[in-house]
Amino acid sequence: MASNTTYGDWMRPIRGGIRNIGRPLTLMGFGVLAVTLMLSMANVVAAIVFGVVGLGIVMVLAVRDREHRNVLDRTVERRSHVASVRSGRALYRSGLLSYEEHGACSLPGILHKVSLVEANDGFGRKLTLVCHAHTGEYSLVMACQPQGAGLADDDVEDAWVAGWAGLMEALGSELGVTQMAVTVDTSPDSGIRFRRQLSRRVVEDAPELAARAMAQVMDLYATGGARSDVLLTLTFRYRDARDGKYLQAEEAARRIGQLVPDIQSRIGAAGGGSPRCLDAQEMARLVRLAYDPTASDAFDSQDESPSHIAWRDAGPVACEARWDWYRHDSAVSRTWQMCDPPASNVTADTLARLLGPLDDCDRKRVTVLFHILPPDRTAFLAEQNRQRAANQVSQEKRASVSAMSQIGKANRQAVETNQGAAIVFFGMLVTVSVTAGEDEDLRLAAASHAVEGAAGSAKIDLRPCYGAQDTGFAACLPLGVNLRNYAPPSMMEALA
């Protein structure tokens with residue numbers, strides 16, 4: 001039974017400007033008025049035409065749909081996708097029949113320059129970091145074993161939530177932390193490991209009735225189950241105080257390794273069980289299964305010494321990104337992004353249905369992204385939101401319910417930040433995959449309907465990543481991709 005404690009009062013950043021249309025459009029409007037005034041001194045008709053056209057453009061760009069996008073955003077999104085399809089950037093080929101060096105199956109797109117770095121934590125234990133060459137960041141991936149709230153008392157569940165808030169506050173005050181992500185990956189269990197474990201416990205001289213009962217147990221419970229993996233990914237970026245350059249892998253790994261014991265203890269206090277850091281083999285296998293789900297049966301059928309998978313061979317052999325779907329090796333996927341959080345308060349089990357196994361979904365991955373502001377920016381942003389919300393109310397003759405709600409949330413936010421709370425920006429990515437083959441379109445549509453229905457029950461507004469399905473798929477993986485700091489390689493080279 002879930003706790004009756006509710007959570008809410010989240011709000012989108014207020015754009016500011018006149019009627020909160022944003023500062024760029026506000027400045028553009030004042031610029032149009034200024035040019036119109038100067039032009040009227042020479043030609044009144046030309047000034048009127050320029051003013052009407054300019055203000056009309058501002059008004060059109062100020063109108064946003066339920067997904068908070070205007071006409072320009074949608075046009076750029078569509079044209080960028082058409083250009084990528086025409087230029088061939090939407091297709092990827094690797095392996096022996098491609099131009100990849102040594103026939104490797106490298107990761108595509110924004111993951112092309114992602115590599116692994118091995119290091120030691122504060123206790124001298126081995127850990128593996130994901131190195132993002134595009135951004136100079138390093139990610140630490142930890143596997144968690146959540147205890148679940150099914151049999152937990154209300155006070156225990158509230159203590160877990162408080163421990164999770166304490167973890168985010170501690171990370172916000174830690175220098176170098178840029179992002180935290182929690183990924184829940186659900187997939188069907190083949191039952192091979194279950195059968196192998198039971199078969200090892202059957203003796204040769206077992207009674208016939210016991211052997212028959214054990215065989216029936218294996219037939220009944222080996223199939224139809226689901227497997228859930230919970231992964232927590234922390235992304236760090238460190239700069240040298242002397243020259244401002246990014247730290248090398250050895251120094252960054254040393255700093256991150258010193259934080260691991262404290263982070264693991266805080267995750268345990270938040271109900272995450274006993275987290276452990278993934279090694280290079282587990283990371284490579286995780287990525288390989290994401291791009292080629294049918295390989296899971298082959299991996300499960302291996303003995304205690306599974307075959308080695310190199311990181312350079314963890315990517316897909318081929319993939320194709322389209323407007324609203326993504327084909328990769330043996331599966332077809334669709335990725336959504338969260339547009340708006342729940343409009344009302346929620347309880348701790350609001351996401352239970354979305355995170356759990358769903359019918360018609362072969363594989364499903366839900367990643368919640370957290371961007372925690374440092375303490376020096378928290379107070380400033382809280383006060384800025386309060387002032388912008390107050391300005392919105394003052395600009396309306398009759399304040400709307402939405403405007404009054406915004407100023408109430410902003411005031412409570414400012415009070416809590418003064419008491420030491422941290423401001424956290426959060427988002428969500430959801431990826432569903434179905435096995436490629438016959439009737440894949442119908443099965444992908446059924447899986448999409450199941451995901452959107454689960455998101456609707458959680459009061460979350462999801463929007464497909466139109467024109468960026470490959471990027472959304474990569475960002476949903478537990479690799480710590482920070483899209484806020486990402487830039488294409490050509491741009492990074494120009495800045496260098």
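In this predicted model, 16 salt bridges are found across the structure. Such pairs are a familiar theme: side chains of opposite charge can pair when their charged atoms come close. One of them joins Asp185 to Arg365, with 3.4 Å between the closest N and O atoms. The two partners come from distant parts of the chain, since Asp185 sits in strand β5 (residues 177–188) and Arg365 in strand β11, 180 residues apart. Both Asp185 and Arg365 are buried.

A second pair worth a look is Glu440 with Arg327, where the closest N and O atoms are 2.4 Å apart. Glu440 belongs to helix α13 and Arg327 to strand β9 (residues 326–328), so this salt bridge ties together parts of the chain that are 113 residues apart in sequence. The partners differ in their surroundings: Glu440 counts as buried, at 12% relative accessibility, whereas Arg327 is partly exposed, with a relative accessible area of 27%. A similar contrast is seen in the salt bridge between Arg322 and Glu320, whose closest N and O atoms are 2.8 Å apart. Here Arg322 is the partly exposed partner, at 31% relative accessibility, while Glu320, at 18%, counts as buried. Salt bridges also link three residues into a network, made up of Arg69, Glu77 and Arg463.

Just before Glu440 in the sequence comes a residue with a backbone feature of its own. Most residues other than glycine have a negative phi, and most peptide bonds are trans. Asp439, however, has a positive phi, near 55 degrees. This aspartate is found in the loop between β12 (424–435) and α13 (440–457), and is partly exposed, with a relative accessible area of 45%. Asp360 is another non-glycine residue with a positive phi, in this case near 70 degrees. Asp360 also lies in a loop, the one between α10 (352–355) and β11 (363–372).

Turning to the interior, the largest nonpolar core has 54 residues, and Leu140, Met180 and Val451 touch the most other members. The biggest contribution to this core comes from helix α7 (residues 249–269), which supplies 8 residues. A second core, separate from the largest one, holds 30 residues, including Ile110, Val141, Ala290 and Phe473. The contacts of Met180 can be followed in detail. Leaving aside residues up to four places away in sequence, Met180 touches Trp164, Leu167, Met168 and Leu171, then Leu232, Thr233 and Leu234, and finally Val368, Leu369, Phe370 and Ile372.

Val114 offers another view of the packing. Val114 is found in strand β2 (residues 114–120) and is buried, with a relative accessible area of 7%. Apart from residues up to four places away in sequence, its contacts are Val130, Cys131, His132 and Trp311. Of these partners, Val130 is 16 residues from Val114 in sequence, and their C-alpha atoms are 6.8 Å apart in space.

The cysteines were also examined. A disulfide is a covalent bond between the sulfur atoms of two cysteines. A search of the whole structure finds 0 disulfides. Cys144 takes part in none, and the nearest cysteine sulfur to its own belongs to Cys277, 9.8 Å away. Looked at from the other side, the closest cysteine sulfur to that of Cys277 is in Cys144, and at 9.8 Å the two are too far apart for a bond; a disulfide would call for sulfur atoms within 2.5 Å. Both cysteines are shielded from the surface: Cys144 is buried, with a relative accessible area of 12%, and Cys277 is buried as well, at 16%.

On the surface, by contrast, a nonpolar patch is formed by Met28, Val45, Val49, Val53 and Ile57, which together have about 430 Å² of accessible area. Helix α2 (residues 44–62) gives the most to this patch, with 4 residues. Ile57 is found in helix α2 and is partly exposed, with a relative accessible area of 42%. Because a residue needs over 30% relative accessible area to join such a patch, Ile57 passes this cut-off at 42%.

Technical notes
Residues numbered from 1 in each chain as written. Predicted model: local features only at pLDDT ≥ 70, side-chain atom pairs only at ≥ 80, totals over all residues. Heavy atoms only, no water. Patch = residues over 30% accessible without salt bridge, like charges linked within 9 Å, V, L, I, M, F, W, Y side chains within 5 Å. Areas by Shrake-Rupley, 256 points an atom, 1.4 Å probe, with all protein chains shown as cover. Salt bridge = Lys/Arg side-chain N within 4 Å of Asp/Glu carboxyl O. Helix = DSSP H or I, 4+ residues; strand = E, 2+ residues; numbered from the N terminus. Buried < 20%, exposed > 50% of the residue type's maximum accessible area, 1.4 Å probe, protein only. Core = buried A, V, L, I, M, F, W, Y, C linked by side-chain atoms within 4.5 Å. Contact = heavy atoms within 4.5 Å.
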